[in-house]
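Dear colleague,

I am handing over the structure we spoke about, and would be glad if you read the notes with the model open beside them.

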Amino acid sequence: MAFPLAVLLASLMTFGNLGERYEIVALKSSGISVRQMMVPLAILSFIIAGVAFEFSNQVIPKAAVKLRMLLYDIQEQKPALNIEEGVFYYGFDNYAIRVGKKMSDGETIKDVLIYDHSGRQGNTCVTYASKGTMRVTPDKHYLVFSLYDGSYWDEKSFNKSSGSNSMPLTRATFDKQYKRFDMSGFSADKLDASIYEGHSTAMTIPQLNEKIDTLKRQIASLAHGASDVFYGNLYYYNAFVKNDSIGFDTNSVALKCDFEDTPLYRVHQILEYAENASRSFIYSVRFAYQDIDFRTHYLWGFQIEFFRKFTLSFACVLFFFIGAPLGSIIRKGGIAIPLVITVVFFTLYFAVSIMGEKIAKSSVWPVWFGMGLSSFILLPICVFLTYHATKDSAILSMDSYAKLISQLKDFKLKSLFKKKKNEDTSTLS
């Protein structure tokens with residue numbers, strides 16, 4: 001996202017400085033048109049767009065995998081970050097931990113409740129502490145809870161085999177207690193990067209194309225299979241096809257039944273088969289619809305990433321052809337005014353992009369239309385500004401705007417004066 005933003009700001013500042021120092025006028029007097037001034041920078045903007053495309057196609061997928069692995073590493077090596085207030089945490093085998101309150105330092109905790117399920121007897125061993133701390137050992141092998149002012153309950157002494165319950169409950173209080181949890185299972189070395197490489201953000205253009213084609217074939221196969229569900233669920237026709245009282249019209253796909261000479265028990269069997277087949281048909285169609293709907297939304301995610309790699313690169317070119325003509329308009333160097341204009345246009349682009357992506361995730365418009373919506377809106381602006389800049393049109397002259405405003409003011413003053421004069425004349429009459 002920084003590429004198009006930088007191109008817009010740089011082109012505005014460059015042509016703004018040229019206009020403020022009258023260098024554009026000097027170049028024009030030397031026979032160099034605005035179009036010729038823009039050509040080398042336009043080539044540079046295309047090069048930047050190409051770099052942006054290669055970056056999004058080659059670097060970002062690898063960075064996305066590394067980022068997800070890093071997040072996993074942080075979460076697993078710092079399990080204290082995953083322990084939320086008032087929610088049981090089951091990250092450690094055979095333990096359920098609930099922390100009532102976490103302080104801002106991330107280590108001090110209050111109202112701690114720990115269930116030990118290692119005895120495989122349910123919630124028979126419970127530890128409670130009013131406060132404590134949790135820290136990871138320097139070797140990152142253990143998470144140590146230092147608990148203060150607590151109690152301990154243990155019912156594991158009950159012997160179910162002998163039925164002895166001479167000591168059904170052991171209860172103790174403590175001023176300080178340590179609980180150590182093994183973190184060896186959280187080692188990031190065991191993490192396979194391939195589990196993240198299937199994500200849409202971690203794929204290149206060829207990989208996205210292959211995935212999109214695969215999903216399209218799967219959806220088409222499911223849709224074709226769903227259309228055959230009706231025929232596959234006519235169990236009662238197959239079961240009673242030899243019965244002369246039942247016929248099947250292949251043209252209208254309808255059953256023709258005549259129960260006048262059919263025994264009552266046979267009618268009940270036919271209707272029972274029909275009911276079961278209808279229910280099976282409904283369930284099959286519903287399952288097929290849900291499966292197709294899920295895969296369709298999954299497909300849209302890959303298509304969005306596919307078009308995103310092109311739209312962000314194309315935005316670099318669009319923003320140049322917006323920034324360069326606008327720089328000729330404002331004729332102001334520095335960073336103040338160009339930065340304000342950059343923020344306005346980029347905010348517009350970003351807002352439309354978000355709206356377009358939401359459209360792409362729905363079934364209202366095709367994905368390519370939603371992802372290209374921002375470009376479709378900016379392209380006419382680029383063509384309009386670039387055309388008038390290369391033709392030295394007065395529409396890009398701030399003097400013409402100032403003259404127009406002055407004429408409007410004079411016209412308004414003359415209208416007011418004339419109206420006042422007419423009122424005075426009518427009053428004298």
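What follows concerns one helix, its buried residues and one of its packing partners.

This is a predicted model, in which local features need pLDDT of at least 70 and side-chain atom pairs count only at pLDDT 80 or more, while totals for chains, interfaces and linings use all residues. Residues are numbered from 1 along each chain as its sequence is written, and side-chain values use heavy atoms, with hydrogens and water left out.

Helix α8 (helices being DSSP runs of H or I, at least four residues, numbered from the N terminus) has 25 residues and reaches 36 Å from its first C-alpha to its last, close to the 36 Å expected at 1.5 Å a residue, where the expected span is 1.5 Å times one less than the number of residues.

Its buried residues (under 20% relative accessible area, 1.4 Å probe, protein chains only) include Pro338, Ile341, Phe346 and Glu357, and the buried residues of α8 pack against α1 (2–20), α7 (264–330), α9 (367–371) and α10. Thr342, which lies in α8, counts as buried because its relative accessibility is 1%; leaving aside residues up to four places away in sequence, Thr342 touches Leu5, Leu8, Leu9 and Leu12, contact meaning heavy atoms within 4.5 Å.

Helices α8 (residues 336–360) and α10 (residues 373–390) pack at an angle of about 140°, their axes 7 Å apart. That angle makes α8 oblique to α10, the term covering whatever is not under 35 degrees (roughly parallel), over 145 (roughly antiparallel) or 65 to 115 (roughly perpendicular). Among the residues making this contact are Phe345, Tyr349 and Val352 of α8 and Leu373, Ile377 and Ile381 of α10.

Best regards

Definitions and conventions. Axes fitted to C-alpha atoms, helices over the stretch in contact; angles between N-to-C directions. Helix = DSSP H or I, 4+ residues; strand = E, 2+ residues; numbered from the N terminus. Buried < 20%, exposed > 50% of the residue type's maximum accessible area, 1.4 Å probe, protein only.
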